[in-house]
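Here's a walk through one model, taking the sheet, the packing and the charged pairs in turn. Have the structure open as you read.

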Amino acid sequence: MLNRRHLSARRLAAYLLLCNGSEVVARPNPQDPTGSGAETITPVTSAATVDGKPVTATYTPTSISITGLAPPITAATTVTTTDSAGATVAIAIAAGAGVVAGGALAGWLFKPVAGAPPAPTTPPAYTTSAQNNEPPSTTKETEPATTSTPPTCPFPTQGSSLSFGSVAKQPAWTAEIPSQTGSSYAPQCTPSGSNGQLFRGVDPGFIKELSAVFCKNDQSKDASQTIDKDDLPDGSSWKRDSGPTEKVKFTFDLKNKVDGCASHCQDAYSHLILGCQYNSHYLYGGGSLEQGCGNYTLEVQGDPITKLTCTGDKGNPLHNYMYRDGAQQAIQNFCAAQDGKVVKQKDESTFIKETTFSISYAEPCGGSGSYTLKQDLCVKYLNQVLDGCDTDTIVYKHGGGLQDMDNCGLFEFHPTGYDLMSCYPDNAEKGYITGGEHVAVTKDMAQDAINTFCDRSGDGEQYILDPAVKPANGFIQNTCKEKGLASCGYFYSNDGTRQGEGGGDIFLRISAAHFNPANALQCSPDQVYEVHGDRCKQMLAKLIGNGSVSKCVGSDKNKLDLGTFVESGEKGCVTWNAWAVNTH
């Protein structure tokens, strides 16, 4: 540390002149441990607890001369250097510091300690007499003898004076410690969030303005706040409809409750933002900064940027599609099985490829080189593909892909379902029409039959296809109530009025069953299928021209031949059949 012997200003100036001293000089304080009568200013000791360990810092009154720095001192300044032993020391000059002997400023000498409280915010309390009076001399001073060669300088050429430099881009109440490699005073940047993925890049200037809002909170206690552009004051250039949509969470964890902490909140966040920004336009994720008052953190809360690509029907809507409800359940099952897996750049062995879904590392893309799958994001992204494409239908979803542009995960939905159509007279030739002569029906009659078939319930009505339940063989009295079947017929008069059992001029039957014609099709395993409600109506709508796809419908929609089709999808192969015959 500095030598604390009493030296007169004249002697100090003479030695510094002979040794080519610098323009910045540290002076000892006017303490007098020998009891010579000079005023003594007591050092200040501050104690704190950092990570459960006691930390003590001692601030000793001293004085310092810096060219160009003179009263009035309106802002606190801290400078660092090393003493003759090579140890780091610092001097804090508080706002309002006055001049003591030799034009030097009053300050506090201390050894920087990680996590220690800030230096006192007021200068040492020297009195006027103590500032202007030199310590008494016990011997008569004599002029140095004149010789032909200059006398040897009693100080070493290194350390004859202490040079100081201001600390760039640091809050004024801290000092940079070159020897430290830990987190103290250096921002710790976290480019990824709690989900392990990069957050969207946000303009550092926007985050800095948000931090000014947060710093208005009471900094004498822990604080946490999530802020967006709506919280900015009116007139801010960021507070506009086209401004950033991200939110930023700010947190302050108090460690030491001392004067001056509140005024340094914005300085701390400015230093943190500057240290963690990718460039002048983007800061990813967030970071933290440990200072004497506590720990300052920020976290950008925004989803990664994504890019959606749709496959489309490519001119054949009945090819490579999946019904929306079935796709939603398949997405849940698929993503639950992939949670925690990692796909790696240029390593296809880590890619996930299944019949309907796949996940890979996108190329070309930057990112970290690996992408960790999270169930919630997987579900979210694949549902965005499902509902963001083929927006005019809930039946014929043809899939596509969604890329996380920040992290390079690529989620793809590529269904393989299809419908194999058989219209009249092809379906009649294949034996799907029985019990009479085929007849065309009106659209209203066909719609009434479809609604009645798909909405039936109660009174023993059966509409669940279950591979574990086989319907009875031979004659069936009432197919509408036979377990394992989804089949029912209705009687109509020629004017379209539905009649009771056995009456009317036209008999119209609708049915659906697990059936693979001649086992010629590649089908998924049969699954339980409720032939009921909206899905039932949507599947049959194509036969009457009511859906986004129209098949087996001629130019006259009041003369409908209906038809037969095989739905090959996630429920297996299900053959749907609708036909009408004369009863006479």
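## The sheet

In this predicted model, 7 antiparallel strands make up an open sheet, running E14-E21-E27-E28-E25-E23-E24. At the edges sit E14 (319-321) and E24 (498-499), each with a pairing partner on one side only.

Look at E27 (residues 563-569) and E28 (residues 572-582): they pair in the antiparallel sense through 7 bridges. In that pairing, Ser 568 sits opposite Cys 573 of E28.

## A helix across the strands

Helix H8 (residues 443-455) lies across three strands: E23 (486-492), E24 and E25 (506-514). Relative to E23, H8 runs at about 140°.

## Two nonpolar cores

The largest nonpolar core counts 39 residues, and Val 441, Phe 453, Leu 508, Val 531, Leu 540 and Trp 576 have the most contacts inside it. H8, E23, E25, helix H9 (533-541) and E28 each give two or more residues to this core. H8 is the top contributor, with 6 residues.

What does Leu 508 touch, leaving aside residues up to four places away in sequence? Its contacts include Val 441, Met 445, Ala 446 and Ala 449, along with Cys 488, Gly 489, Tyr 490 and Tyr 492. Leu 562, Trp 579 and Ala 580 are also among them. Apart from this core there is a second, separate one of 28 residues, with Ala 327, Val 379, Leu 386 and Leu 402 among its members.

## Charged pairs

Side chains of opposite charge can pair when their charged atoms come close. Across the whole structure, a search turns up 13 salt bridges. One of them joins Asp 234 and Lys 239, at 3.1 Å from N to O. Asp 234 is exposed, at 70% relative accessible area, while Lys 239 is partly exposed at 32%.

Asp 387 and Arg 324 form another, with 2.8 Å from N to O. This one links distant parts of the chain: Asp 387 belongs to helix H6 (residues 375-388) and Arg 324 to helix H5 (residues 324-338), 63 residues apart. Both ends are partly exposed, with relative accessible areas of 34% for Asp 387 and 23% for Arg 324.

## A small network

Is Arg 535 buried or exposed? Arg 535 is buried, with a relative accessible area of 10%, and its side chain meets that of Glu 570 in a salt bridge of 2.8 Å, N to O. Glu 570, in the loop between E27 and E28, is 35 residues away from Arg 535 in helix H9. Glu 570 is partly exposed, at 22%. Shared salt-bridge partners tie Arg 535, Glu 567 and Glu 570 into one network.

Terms used:
Residues are numbered from 1 along each chain as its sequence is written. This is a predicted model: local features need pLDDT of at least 70, side-chain atom pairs count only at pLDDT 80 or more; totals for chains, interfaces and linings use all residues. Side-chain values use heavy atoms; hydrogens and water are left out. Two strands pair if DSSP finds at least two bridges between them. Helices (H or I, at least four residues) and strands (E, at least two) are DSSP runs, numbered from the N terminus. Contact means heavy atoms within 4.5 Å. Axes are lines fitted to C-alpha atoms, for helices over the stretch in contact, and angles run from 0 to 180 degrees between N-to-C directions. A nonpolar core is a set of buried Ala, Val, Leu, Ile, Met, Phe, Trp, Tyr and Cys residues joined through side-chain atoms within 4.5 Å. Buried means under 20% relative accessible area, exposed over 50%, partly exposed in between (1.4 Å probe, protein chains only). A salt bridge is a side-chain nitrogen of Lys or Arg within 4 Å of a carboxyl oxygen of Asp or Glu.
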